[in-house]
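Hi,

Here is the structure I promised to pass on. Have a look first, and then read on for what I found in it.

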Amino acid sequence: EGECQESSAEGPGLVVWSSGLLLLHYFAQTSEVNMRGRRVLEVGSGTGVLGIGLAALGATVMLTDLPSLVPVLRLNIGLNDAVLRQGGGSAEAETLDWNHPSRELLGCRPVDCVVGSDVVYSLACVQPFQRVVAALRVSVRPGTPLYVAHKSRSTELDEA
């Protein structure tokens, strides 16, 4: 069984996946959830398209991923600084290893919601994602919503 991590030199974390764009579109278009002024934690941020987009909608976002992707996240945040300021939001990036989720990071600041897109792309990611969700359950206040967009790849993965 493999580990939930980048699978090649390029890796899945360096791809803009449609799930992130779809979830961002949902938040931009729905009147049910207004992101302006919300404190958001994104897990498995990859390139940061979802988190940076939410910051452009006025949220304060903590984007998280593996250590190898944090420099990419910080670069992308910097490249979008003007858009974030114009939208009234902000973003920063930190490491969150799902195999050893940091309760200090997860509980260091209050959040209004947690988001993730296309975070379980292989069976090897299921248990680490479950670890993060379990850590979140004790680190964030009860009732904090978790929004996850998932791309169906197989029945086995969907049911895991």
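Which elements do the buried residues of α1 pack against? They pack against α2 (49–56), β4 (113–117) and β5 (146–149). Before I go on, bear in mind that this is a predicted model.

A bit more on that helix. The buried residues of α1 are Ser-19, Gly-20, Leu-23, Leu-24 and Phe-27. Seen down the axis of α1, they fall within an arc of 135°, so they line one face of the helix. That fits the usual pattern: an α-helix has 3.6 residues a turn, so residues three or four places apart point the same way. On the other side of α1, Leu-22 and Gln-29 are exposed. The length works out too: α1 has twelve residues (18–29) and should span 16 Å at 1.5 Å a residue, which agrees with the 16 Å between its end C-alpha atoms.

For the overall picture, the chain has seven helices and five strands, running α-β-α-β-α-α-β-α-β-α-β-α from the N terminus. Of its 160 residues, 45% are buried. Among contacts with a separation of 6 or more, 71% are between residues 24 or more positions apart.

One residue caught my eye: Glu-42, in strand β1 (residues 39–42). Glu-42 is buried but has no salt bridge, and the nearest side chain of opposite charge, Arg-74, is 13 Å away. Leaving aside neighbours within four places in sequence, the contacts of Glu-42 include Leu-50, Met-62, Leu-63 and Val-115.

Cheers

Conventions: Residues numbered from 1 in each chain as written. Predicted model: local features only at pLDDT ≥ 70, side-chain atom pairs only at ≥ 80, totals over all residues. Heavy atoms only, no water. Helix = DSSP H or I, 4+ residues; strand = E, 2+ residues; numbered from the N terminus. Buried < 20%, exposed > 50% of the residue type's maximum accessible area, 1.4 Å probe, protein only. Lys, Arg positive; Asp, Glu negative; His and termini not counted. Salt bridge = Lys/Arg side-chain N within 4 Å of Asp/Glu carboxyl O. Contact = heavy atoms within 4.5 Å. Expected span 1.5 Å × (residues − 1). Arc of directions from axis to C-beta.
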